Each structure stands twice: as structure tokens, then as C-alpha cells.
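Q: I should like to learn how to read the features of a protein model, one at a time. Could we begin with the structure in view?

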Amino acid sequence: MSKPKEINVLGINFTNINNKELISQLKIDSHNHSNRFIVTANPEIVLYARDNPKYLSIIESADYTIADGIGIIKGAKILNTPLPERVTGFDTLLSLLTFANENKKSIYFLGAKSETLDKAIKKIKNDYPNLEIAGYHDGYFTDDSDIVTEIKHNKPDFVFVALGFPKQEFFISKYHNLSPSIWMGVGGSFDVLAGTVKRAPLFWQKHHIEWLFRLLQEPTRFFRMLALPKYLILIYLKKLGIDKK
Ligand code: UDP
């Protein structure tokens with residue numbers, strides 16, 4: 001039996017794909033100039049989408065919804081419909097930067113604070129000198145028009161949008177038909193590239209406590225992180241057949 005293309009976790013359809021398969025597919029998509037929309041979803045996003053029909057329909061319109069967050073992998077396993085592995089937005093971003101560098105592809109970077117974005121762009125220019133920067137703009141704007149005009153005009157191969165959820169998905173959903181690019185919401189990735197926020201070392205990632213590392217770095221995330229236990233309770237209710245959504 002062929003594997004299902006999607007795995008449903010509490011109402012969200014995740015693409016049943018591992019890191020290697022996703023990158024191979026995106027390379028093909030990029031060479032074909034296919035318009036693509038990638039959502040990188042974690043438990044917090046799943047819960048938000050359950051309560052926000054508009055956001056849910058945007059996620060449903062994505063071409064790939066990848067399991068960014070070990071909670072999704074654990075949830076899928078508990079529900080007896082396992083996903084192959086965690087596919088993070090940040091790792092996908094790094095692989096695509098490498099691919100863009102090797103193939104002289106162009107990228108538009110949108111999001112983060114101005115000084116963070118400047119640092120991230122400097123690092124990208126240094127580490128990936130052959131990729132073409134089609135433009136960049138910080139994520140604190142009131143008027144979209146300059147950004148949209150630049151993307152429409154330059155038609156970059158990739159558009160990485162780091163506005164955090166749900167803003168980045170709303171932005172991509174509104175504009176992705178303007179340019180045949182691969183559009184991906186990348187959350188706080190520019191902060192990590194800039195060095196403003198540190199990524200959890202491998203030990204924390206391997207022991208599935210990346211969330212704790214993040215909490216220690218950014219204690220203000222505490223209330224956001226209460227989504228995790230709530231998500232797990234819903235997973236068990238679903239397993240018991242009590243949650244019908
Ligand atoms: N951000 C932005 N514009 C906004 C709100 C947030 O550019 O109006 C940026 C913020 O500076 C940070 C990223 O979006 O770089 C959000 O990072 P976070 O780790 O919170 O992402 P999430 O977990 O929400 O996807």
C-alpha cells in the first residue's frame with residue numbers, strides 16, 4: 001500500500017514527508033518555477049487554527065504543511081498515524097539557502113526587526129555569496145505596497161517571510177499569486193541567523209526539550225507555551241474518541 005500523502009493531526013493535514021524528500025521536491029518545484037506555499041506548523045499553530053476558521057482555511061490552501069515541532073511527531077504517533085520525522089522551518093531554510101547559493105537562485109527576505117534583518121542579510125551575503133538577494137524589508141511596516149511591488153517586479157525564486165504566525169501566513173496567502181516563487185513562513189529564523197536568538201544545541205533537540213531551551217532564553221514565551229499541555233490533552237481526547245474535531 002502506498003503511504004498516505006497527508007496525516008491529519010487535530011484537524012490539520014500534515015505533509016507525510018521527511019527532510020530529504022521535501023528538499024528534493026522543492027528543488028524540482030524551484031526549477032519548474034512552480035508557485036508554492038509552505039507552512040511550518042507546531043502545536044501552537046494547530047490549536048490556533050482550530051479556533052480560527054480563516055486561518056485554518058489558509059493552512060488548508062498550503063502546498064506543504066510541515067511538522068515543525070516535536071509535539072506534532074509525538075501527537076501523530078499517539079494517534080497511530082506516524083509522521084516520518086520532524087522537518088523544521090529553520091533546517092529547510094538552511095538547505096534552501098545552500099541550494100540557492102549553488103544554483104544562483106534569488107531570494108526575497110521579509111520580516112524581523114530592522115537591525116536583526118541587517119545582521120541576517122550580512123551573514124547570508126558572507127556564507128552564501130552566490131545567491132542573489134532580490135530584496136529585503138523588515139517586518140514592522142504599515143503599508144505593504146513597496147514590498148509587494150518589489151516582489152512582483154523581481155520575481156524571486158524564494159520568498160521567506162519571518163513575521164511570526166499568523167501574520168506570515170496571512171501575508172503569503174494574500175500575495176503569493178503575484179510571483180511564481182516558493183513562499184515559506186519562517187517564524188523567528190532571521191533572529192537565529194542574526195545571532196540574536198540562539199538555537200537549541202543538538203543535545204536539547206535530541207532529548208526533545210528544545211521548548212525548554214527556548215523558554216529559558218525567552219521567558220516571556222511562558223504563556224504561549226501553555227499551548228503544549230493543552231495540545232497533548234486534546235491528542236489523548238482524540239485517541240479516546242472524545243474529541244470529534
Ligand atoms: N515579527 C515581525 N513583524 C511583526 C511581528 C513579528 O517581523 O509584526 C518578527 C519578529 O521580529 C520575529 C518573528 O517575527 O523575528 C517572530 O518570531 P517567533 O519566534 O515569535 O515566531 P513564531 O513562533 O510566532 O512563528
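A: Let us begin with a definition: a residue is buried under 20% relative accessible area, exposed over 50%, and partly exposed in between. The model shown is a predicted one. Phe-222, with a relative accessible area of 41%, is therefore partly exposed.

Q: In which helix is Phe-222 found, and which residues form a nonpolar patch on the surface with Phe-222?
A: Phe-222 belongs to helix α12, residues 222–225. Together with Phe-223 and Leu-226, Phe-222 forms a nonpolar patch on the surface, and the accessible area of the three together is about 340 Å².

Q: How should one read the nonpolar core, and which residues have the most contacts inside the largest one?
A: In soluble globular proteins, nonpolar side chains tend to be buried together. Here the largest nonpolar core has 39 residues, and those with the most contacts inside it are Val-9, Phe-14, Leu-83, Phe-171 and Tyr-231. Leaving out residues up to four places away in sequence, Val-9 touches Phe-14, Val-46, Ala-76, Tyr-231 and Ile-235. A second, separate core of 32 residues includes Leu-26, Leu-96, Leu-97 and Val-186.

Q: How does one read the two sides of a helix, and which residues of α3 are buried?
A: An α-helix has 3.6 residues a turn, so residues three or four places apart point the same way. In helix α3 (residues 53–60), the buried residues are Tyr-55, Ile-58 and Ile-59. Because they cover an arc of only 100° around the axis, they lie on the same side of α3. The face turned away from that buried side carries the exposed residues Pro-53, Lys-54 and Glu-60. The cover over the buried residues of α3 includes β2 (12–15), β3 (36–41), α2 (43–51), β4 (64–67) and α8 (167–175).

Q: Which residues of α8 are buried, and what do they pack against?
A: The buried residues of α8 are Gln-168, Glu-169, Phe-171, Ile-172 and Tyr-175. Their arc around the axis is only 160°, which puts them on the same side of α8. Lys-167 and Lys-174 are the exposed residues on the face turned away from the buried side of α8. The buried residues of α8 pack against β3, α3, β5 (106–111), α7 (145–154), β7 (158–162) and β8 (182–185).

Q: How should I read backbone angles, and where is Pro-166 found?
A: Most residues other than glycine have a negative phi, and most peptide bonds are trans. In this model, a cis peptide bond joins Phe-165 and Pro-166, with omega about 0°. Pro-166 is found in the loop between β7 and α8.

Q: Phi of Lys-104 and phi of His-208 are near what values?
A: Phi of Lys-104 is near 50°, a positive value in a residue other than glycine. Lys-104 is in the loop between α5 (89–103) and β5 and is exposed, with a relative accessible area of 61%. Phi of His-208 is near 60°, again a positive value in a residue other than glycine. His-208 lies in the loop between α10 (202–206) and α11 (210–217) and is partly exposed, at a relative accessible area of 33%.

Q: How does one read salt bridges, and how many salt bridges are counted?
A: Side chains of opposite charge can pair when their charged atoms come close. The count comes to 10 salt bridges, the criterion being a side-chain nitrogen of Lys or Arg within 4 Å of a carboxyl oxygen of Asp or Glu. In one of them, Arg-36 pairs with Asp-29, the closest N and O atoms being 3.1 Å apart. Arg-36 is partly exposed at 21% relative accessibility, whereas Asp-29 is buried at 2%.

Q: Which residue forms a salt bridge with Asp-91, and where do the two lie in the chain?
A: Asp-91 forms a salt bridge with Arg-199, with the closest N and O atoms 3.0 Å apart. This pair links distant parts of the chain: Asp-91 is in helix α5 and Arg-199 in the loop between α9 (189–194) and α10, 108 residues apart. Asp-91 is partly exposed, with a relative accessible area of 29%, and Arg-199 is partly exposed as well, at 25%. Asp-68, Arg-86, Asp-91, Arg-199 and Glu-210 are linked in a network of salt bridges.

Conventions:
Residues numbered from 1 in each chain as written. Predicted model: local features only at pLDDT ≥ 70, side-chain atom pairs only at ≥ 80, totals over all residues. Heavy atoms only, no water. Patch = residues over 30% accessible without salt bridge, like charges linked within 9 Å, V, L, I, M, F, W, Y side chains within 5 Å. Areas by Shrake-Rupley, 256 points an atom, 1.4 Å probe, with all protein chains shown as cover. Helix = DSSP H or I, 4+ residues; strand = E, 2+ residues; numbered from the N terminus. Buried < 20%, exposed > 50% of the residue type's maximum accessible area, 1.4 Å probe, protein only. Core = buried A, V, L, I, M, F, W, Y, C linked by side-chain atoms within 4.5 Å. Contact = heavy atoms within 4.5 Å. Arc of directions from axis to C-beta.
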